[in-house]
Amino acid sequence: MAATPRVKLPETIKAGETIEVRALVRHPMERGHRKDAQGRTIQRNIIHTFTAELDGHQVFRAKFGTGVAANPFLSFYVTVAKPGTLALTWVDDNGVAIQTERALDVVA
């Protein structure tokens with residue numbers, strides 16, 4: 001179903017700098033209103049929660065509803081004080097968690 005998320009970060013990060021994080025994940029975002037070939041309603045399955053954690057501390061959270069398009073794209077800002085790991089997690093209605101981590105290297 002979901003492919004590896006795409007995450008774009010700056011190539012260099014200075015200590016104390018606020019960076020833009022761009023993230024996209026492939027997901028069909030079935031809203032639960034369409035019918036299959038036999039006329040049965042296709043079960044709703046959308047990504048409902050996205051979280052970003054920097055070294056275990058939540059720095060961003062988003063809640064989604066049925067109005068979000070397939071393959072949702074997010075952009076947010078975070079201030080990076082020191083080297084660490086940015087963990088991104090998308091969770092859908094079926095309980096599937098799509099996760100990725102990126103190392104944040106900070107230059108002096």
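Which residue in E5 is the bridge partner of Glu53? In this predicted model, that partner is Gln58. The pair is a convenient place to enter the structure.

Strands E4 and E5 run antiparallel and are joined by six bridges. They form a hairpin, with two residues between the strands. Asp55, in the turn, has a positive phi of about 50°.

The hairpin belongs to a wider arrangement. E5, E4, E7 and E8 follow one another in that order in an open sheet of four strands, paired in the antiparallel sense. Strand E5 (57-63) and strand E8 (97-104) each have a single partner strand and stand at the edges, so one side of each has no neighbour in the sheet. On average, and with direction ignored, neighbouring strands of this sheet are turned by 15° against each other.

On its other side, E4 meets E7. Strand E4 covers residues 47-54 and strand E7 residues 84-92, and seven bridges pair the two in the antiparallel sense. Within this pairing, Thr49 of the one strand stands opposite Val91 in E7.

Thr51 also lies in strand E4. Is Thr51 buried or exposed? Its relative accessible area is 12%, and the limit for a buried residue is under 20%, so Thr51 counts as buried. Apart from neighbours within four places in sequence, Thr51 is in contact with Gln58, Phe60, Arg61, Ala87, Leu88 and Thr89. In a regular strand, side chains alternate between the two faces of the sheet.

Next comes the nonpolar interior. The largest nonpolar core contains 24 residues, and those with the most contacts inside it are Val21, Phe50, Phe64, Leu86, Leu88 and Trp90. Two or more residues of this core come from each of strand E3 (17-24), E4, strand E6 (73-80), E7 and E8.

What does Val21 touch, once its neighbours within four places in sequence are left aside? Val21 is in contact with Val7, Lys8, Leu9, Leu74, Ser75, Phe76, Val78 and Leu86.

One of these contacts, Leu9, is found in the loop between strand E1 (6-8) and strand E2 (13-14). With neighbours within four places in sequence again set aside, Leu9 is in contact with Ile19, Glu20, Val21, Leu86, Arg102 and Leu104. Leu86 therefore appears in the contact list of Leu9 as well as in that of Val21, where contact means heavy atoms within 4.5 Å. Leu9 and Met29 are 20 residues apart along the chain, and 25 Å separates their C-alpha atoms.

How values were computed: Residues are numbered from 1 along each chain as its sequence is written. This is a predicted model: local features need pLDDT of at least 70, side-chain atom pairs count only at pLDDT 80 or more; totals for chains, interfaces and linings use all residues. Side-chain values use heavy atoms; hydrogens and water are left out. Two strands pair if DSSP finds at least two bridges between them. Axes are lines fitted to C-alpha atoms, for helices over the stretch in contact, and angles run from 0 to 180 degrees between N-to-C directions. A nonpolar core is a set of buried Ala, Val, Leu, Ile, Met, Phe, Trp, Tyr and Cys residues joined through side-chain atoms within 4.5 Å. Buried means under 20% relative accessible area, exposed over 50%, partly exposed in between (1.4 Å probe, protein chains only).
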